Amino acid sequence: LVIPYHNNDGALHVARAISADSPSWTLQAVSTFTGTESDPESTTANLGAVVAHGTIIHAFWPDFTTIDIWQDNDQGSGTWQTDVEWKDAVSCRAISIGLFIYQGSTYVGILYDDGGVVQFDRFLLRAAAAHRMHLLGVGR
């Protein structure tokens, strides 16, 4: 279980339950507030959204400067990677995400408010396995 939250340092944080049977919680900053573009937007209705895919945690949030959407992930080690701008030239005021599978590929589905217009997009996590087709008896 992973829950996004905001505290008084201006950063996007996650609270993560490590065990389902007897949860112990860890608290981590996803992105620190440094006065740069990837800082989380603290005035939005929804600071950010997180989803767990196995041991990997994916986070998406609107930034402080331009309200574009940024993305980061923790591969299960407790260390977040480099913040990456995922969607440029939007005015994201709220965001919600969830996992889904379409045609064998696994995605994060992203629903967000873009300046009053609800938008949907997806972020590929795992592509469907390529299947080889064997035609028996063709040309014989």
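A nonpolar core, as the term is used on this tour, is a set of buried Ala, Val, Leu, Ile, Met, Phe, Trp, Tyr and Cys residues joined through side-chain atoms within 4.5 Å. The model on screen is a predicted one, and the stops below move from its cores to a sheet and then to its aromatic rings.

**First stop: the cores**

Begin with Phe60, Ile95, Ile97 and Ile110, which are the residues with the most contacts inside the largest nonpolar core, a set of 13 residues. If you then colour by element, β4, β8 and β9 (105–114) are the ones that give two or more residues to this core. Another core, of 11 residues, lies apart from it, and Val30, Leu47, Ala59 and Trp70 are among its members.

Next, select phenylalanine 60 alone and display its surroundings: leaving out residues up to four places away in sequence, phenylalanine 60 touches Gly48, Ala49, Ile69, Trp70, Gln71, Trp86, Ile95, Ile97, Val108, Ile110 and Phe123. Two of these partners, Trp86 and Phe123, also form one aromatic cluster with Phe60.

**Second stop: valine 30**

Move to valine 30, a member of the 11-residue core, which you will find in strand β3 (residues 25–31). Its relative accessibility is 7%, and because buried means under 20%, valine 30 counts as buried. With neighbours within four places in sequence set aside, the residues in contact with valine 30 are Leu12, His13, Val14, Ala59, Trp61, Asp72, Trp80 and Asp83. A distance label drawn between the C-alpha atoms of valine 30 and alanine 11 should read 7.3 Å, although the two are 19 residues apart along the chain.

**Third stop: the sheet**

Now show the strands as ribbons and pick out an open sheet of four, ordered β4-β5-β6-β7 with antiparallel pairing. Its edge strands, each pairing on one side only, are β4 (49–53) and β7 (84–87), and from one strand to the next the twist averages 30°. Between β4 and the antiparallel strand β5 (residues 56–62) there are five bridges; alanine 49, for instance, has phenylalanine 60 in β5 as its bridge partner.

**Fourth stop: the aromatic rings**

The count of aromatic pairs comes to four. Select phenylalanine 100 and tyrosine 107, whose ring centres are 5.3 Å apart and whose planes meet at 20°, so the pair is stacked. Phenylalanine 100 is partly exposed, with a relative accessible area of 26%, whereas tyrosine 107, at 11%, is buried.

Keep phenylalanine 100 selected and add phenylalanine 120: these two form a tilted aromatic pair, with 6.1 Å from centre to centre and 50° between the planes. Phenylalanine 100 belongs to strand β8 (residues 92–102) and phenylalanine 120 to strand β10 (residues 117–126), so this pair ties together parts that are 20 residues apart in sequence. Phenylalanine 120 is exposed, its relative accessible area being 52%.

**Last stop: charges over rings**

Return to tyrosine 107 and add arginine 122, which lies over the face of that ring at 4.7 Å from its centre. A further example is found at tryptophan 86, where lysine 87 lies over the ring face, at 5.1 Å from the ring centre.

Conventions:
Residues numbered from 1 in each chain as written. Predicted model: local features only at pLDDT ≥ 70, side-chain atom pairs only at ≥ 80, totals over all residues. Heavy atoms only, no water. Buried < 20%, exposed > 50% of the residue type's maximum accessible area, 1.4 Å probe, protein only. Contact = heavy atoms within 4.5 Å. Phe/Tyr/Trp six-rings, centres within 6.5 Å; stacked < 30°, edge-to-face > 60°. Lys NZ or Arg CZ within 6 Å of the ring centre and 35° of its normal. Pairing = 2+ DSSP bridges. Axes fitted to C-alpha atoms, helices over the stretch in contact; angles between N-to-C directions.
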